[in-house]
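The following report walks through a model of two chains, taking strands, helices, the contact between the chains and the nonpolar core in turn. Please keep the sequence and the structure in view while reading.

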Amino acid sequence: MRPFSYERAADVSGAISSAAMPGAMFLAGGTNLVDLMKLEVARPDKLIDISRLPLSQIEELPGGGLRVGATVRNSDLAAHEAVRRGYPVLAQALLAGASGQIRNVATIGGNLLQRSRCPYFQDVSKPCNKRRPGSGCPARDGEHRNLAIFGHSKHCVATHPSDMAVALAALEAGVDVVGAGGSRTLPIGELYRLPGEDPELDTTVEPGELITAVQLDRQASGARSAYRKVRERASFAFALVSVAAIVRTEEGVVRDARIALGGVAHGPWRALLAEEALRDQPSTEDTFNHAAEAELAEALPLRDNGFKVTLARNAISRTLSEVCA
Amino acid sequence: MASLELTVNGDRLGLEIDVRTTLLDLLREHLDLTGSKKGCDHGQCGACTVLIDGRRAKACLVLAITLDGAEVTTIEGLADNGQLHALQAAFIEHDAFQCGYCTPGQICSAVGMLAEARAGLPSYVTEDLLAAPDPADEHEIRERMSGNLCRCAAYVNIVAAIAEVASGAIAEDAE
């Protein structure tokens, strides 16, 4: 690991002013960043430890809804009564991620900002546009079995590894970000970006900005939700494909559906075409299959990951059947 | 170099460390506690699992400097006056290892895992997120222990050892 200086932030404004220098990075749980530093994929000059900032609260908001501090641990959020009761899709997604030991340490903000597990990104002896802009993307014609089928570019076919972010995309969470220029709340759909010509940028969070919280609206009464993850072993593996679905039906008709996919794109992939195909349709297996096919018709599989198209179609359809049962 | 106060297996220590030192390297290289094992050093195998403030964690992914003031328990700290922890005894009773390399991490992980399950925390295989899970259920144990790999594949006996302790068949004096 390369040398760096370490400081523990006393408060949010101190953390932000300290982060103004190039080469500074925030450290929370470290389950991804420490690993990337060992691999020398991440080479910070300065680490600003934010793990003791007062951002570890889960607050139930007066109008319903939840505000989750950025340094809340993944396991604590999954275990929280309000999440298990009101946002089961989020509890399930959190519990589908990583392992018990990692969930005990990893934070919510860190989970959102974790980097791709594309094998070329993690190997500094290989070119990678995400790690070294302009060096090329060997994954496009190389080992890409587990990489993107939606929204990729000729510069990058990486996927985002988070399960939690997929549930938050379906929940239309807001992400509070604070920087030297003030604070803002981003819809999660605007947090993640497609790789395009600058895949070194995973998100729209600017250097020196800090995620301080995630906000969840109260869910519509009668909405049901589920998270389904398909992977190469039964547990402790990244998703090949995952589905977060939230559906509200009335008398056997789908009124509202929000679906997000994991393991298929540079960020959580909102399945808007599937959602559109479900609206005001009878809640039947035919409808679910049709909706899944409508979404996957737009997929752009690479040479070796066409199996994800079938997998995603079936996973969407099954998840909808489960939620609407 | 930076200073760090850490309680390890009940001993309060004042340490001077390079800020790059992981908790695992601190334990093994500086404190001569070599029970926690370095398998992958990337958070993927679980051989380095210890308890930090009572919760299981992977020591290879934690920078020691971030733990100032924390309490760490390693496999060396589980026995009580020479009396093995119930999980240590159960692993021997059930022959829950072959080479033994992953065993300290398996046992520390199981200690943390049983505390989580008994506190009612759900897992990915818990059917009802609002009901108390059964800590002795085999599917629950397998899911909750998935962060610990065993290349000898002693899983059948590991699950049996943990299930026996989880079911209360062995008294846990050392906890």
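Strand 1 (residues 2–8) of chain B runs antiparallel to strand 2 of chain B, and 7 bridges join the two. Within this pair, Leu6(B) has Leu13(B) of strand 2 as its bridge partner. Like everything described here, this pairing is read from a predicted model. The two strands belong to an open sheet of 5 strands in chain B, which has the order 2-1-5-3-4 and mixed pairing. Strand 2 (11–17) and strand 4 (55–58) of chain B stand at the edges of this sheet with a single partner strand each, so that one side of each is left without a neighbour in the sheet. Averaged over the sheet and with direction ignored, neighbouring strands are turned by 40° against each other.

Helices accompany this sheet. Chain B contains 5 helices and 5 strands, which follow one another along the sequence as β-β-α-β-β-β-α-α-α-α. Helix 3 of chain B lies across strand 3 (49–52) and strand 4 of chain B, and it runs at about 40° to strand 3. Helix 3 (103–118) of chain B also appears, together with helix 5 (155–166) of chain B, in what covers the buried residues of helix 2 of chain B. How many of the residues of helix 2 of chain B are buried? Of the 8 residues of this helix (residues 86–93), 6 are buried, so the helix is largely enclosed by the rest of the structure. The buried residues are Ala86(B), Leu87(B), Gln88(B), Ala89(B), Ala90(B) and Phe91(B). Asp95(B), which follows helix 2 of chain B, has a positive phi, near 55°.

Taken as a whole, chain B has 175 residues and a radius of gyration of 16 Å, which agrees with the value near 16 Å that a compact globule of that length would have. Its C-alpha atoms fill a box of roughly 50 × 35 × 30 Å along the principal axes, and 49% of the residues of chain B count as buried. Among the contacts in chain B between residues at least 6 apart in sequence, 59% join residues at least 24 apart.

Chain A has strand pairings of its own, in both the parallel and the antiparallel sense, and several of them are set out below.

| Strands of chain A | Sense | Bridges | A bridge pair |
|---|---|---|---|
| Strand 1 (residues 5–8) and strand 3 (residues 46–49) | parallel | 4 bridges | Arg8(A) and Asp49(A) |
| Strand 2 (residues 24–27) and strand 3 | parallel | 4 bridges | Leu27(A) and Asp49(A) |
| Strand 4 (residues 58–60) and strand 5 (residues 66–69) | antiparallel | 3 bridges | Ile58(A) and Val68(A) |
| Strand 5 and strand 8 (residues 210–216) | antiparallel | 4 bridges | Leu66(A) and Leu216(A) |

Asp49(A) of strand 3 thus appears as the bridge partner of Arg8(A) and also of Leu27(A). Strand 4 and strand 5 of chain A form a hairpin with 5 residues between them, and Gly64(A) in its turn has a positive phi of about 85°.

The contact between the two chains takes 27 residues from chain A and 30 residues from chain B. On the side of chain A that touches chain B, the elements that give two or more residues are helix 2 (33–38), helix 3 (74–79), helix 4 (81–86), helix 5 (88–96) and helix 6 (100–103) of chain A. Helix 5 of chain A provides the largest share of that side, with 5 residues. By residue type, this side of chain A divides into 12 nonpolar, 10 polar and 5 charged residues.

Met1(A), in the segment before strand 1 of chain A, touches Arg20(B) as well as Met37(A) and Lys38(A), leaving aside residues up to four places away in sequence. Is Met1(A) buried or exposed? Met1(A) is partly exposed, because 16 other C-beta atoms lie within 10 Å, a count between the limits of 12 or fewer for exposed and 20 or more for buried. Its C-alpha atom lies 9.1 Å from that of Val34(A), although the two are 33 residues apart in sequence.

Finally, the largest nonpolar core has 157 residues, and those with the most contacts inside it are Val89(A), Ala167(A), Ala170(A), Ala244(A) and Ala245(A). Beyond its neighbours within four places in sequence, Ala245(A) is in contact with residues including Ala170(A), Ala226(A), Ile259(A), Leu320(A) and Val323(A). In soluble globular proteins, nonpolar side chains tend to be buried together.

How values were computed. Residues numbered from 1 in each chain as written. Chains lettered and ligands numbered in written order. Predicted model: local features only at pLDDT ≥ 70, side-chain atom pairs only at ≥ 80, totals over all residues. Rg over C-alpha atoms; globule rule 2.2 N^0.38 Å. Contact = placed C-beta atoms within 7 Å. Nonpolar A, V, L, I, M, F, W, Y, C, P; charged D, E, K, R; others polar. Core = buried A, V, L, I, M, F, W, Y, C linked by C-beta atoms within 7 Å. Pairing = 2+ DSSP bridges. Axes fitted to C-alpha atoms, helices over the stretch in contact; angles between N-to-C directions.
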